[in-house]
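Got your viewer open? Load the model shown here, and we'll walk through it one selection at a time.

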Amino acid sequence: MAALTQIIPLPASVEIVEVLAARRALIFAKELGFDHVILEGDFEIAIRAVKSEDYFAATFGHIITDIKALSSQFRSVIFQHTCRQGNKVAHSLAQAACNFYSCCTWIEEVPVCSFADYSAEIINTT
């Protein structure tokens, strides 16, 4: 398990932030040597786009292409849509990014800013 938070300077839209975060998550997973990755997101259009074999001609289509290329470097990558309620840990990390100057990572621990959401998620899934 690992977590990362990083400020994305001057994003054009929420959609761009979502796909940039997905791309950064795959890069982070590769840096850590993971072979199997599950990437969840609440932006359903992006999740469908990375699962599709077709080219996605949107303002972030080039980032989707990058995500597909990165995902080919893993043994398995599962892209799954989750509702906003199921993505609370990611949102708490995104909010915490404002408190850091560049990039902050946690490996084999839960960030304090996300602990309550993470604990609630674990309790709800067991």
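Helices (H or I, at least four residues) and strands (E, at least two) are DSSP runs, numbered from the N terminus. Colour the protein chain by these elements and, from the N terminus on, you'll read β-α-β-α-α-β-α-β-α. That comes to five helices and four strands.

A heads-up on what you're looking at: this is a predicted model, where local features need pLDDT of at least 70, side-chain atom pairs count only at pLDDT 80 or more, and totals for chains, interfaces and linings use all residues. Residues are numbered from 1 along each chain as its sequence is written, and side-chain values use heavy atoms, leaving out hydrogens and water.

Next, select α2, residues 44–51. Which residues of α2 are buried (under 20% relative accessible area, 1.4 Å probe, protein chains only)? They are A46, I47, A49 and V50. These sit on the same side of α2 because they cover an arc of only 160° around the axis, taken from the directions from the helix axis to the C-beta atoms. Turn to the face away from that buried side and you'll find R48 and K51, both exposed (over 50%).

Now show what covers the buried residues of α2: the cover includes α1, β2 (36–41), α3 and β3.

Move on to α3, residues 61–71, where G61, I63, I64, I67, L70 and S71 are buried. They pack against α1 (14–31), α2 and β3 (76–81), with contact meaning heavy atoms within 4.5 Å.

Last stop: select K30 and F74. The charged end of K30 sits over the ring of F74, 5.2 Å from its centre (the rule: NZ of Lys or CZ of Arg within 6 Å of the ring centre and within 35 degrees of the ring normal).
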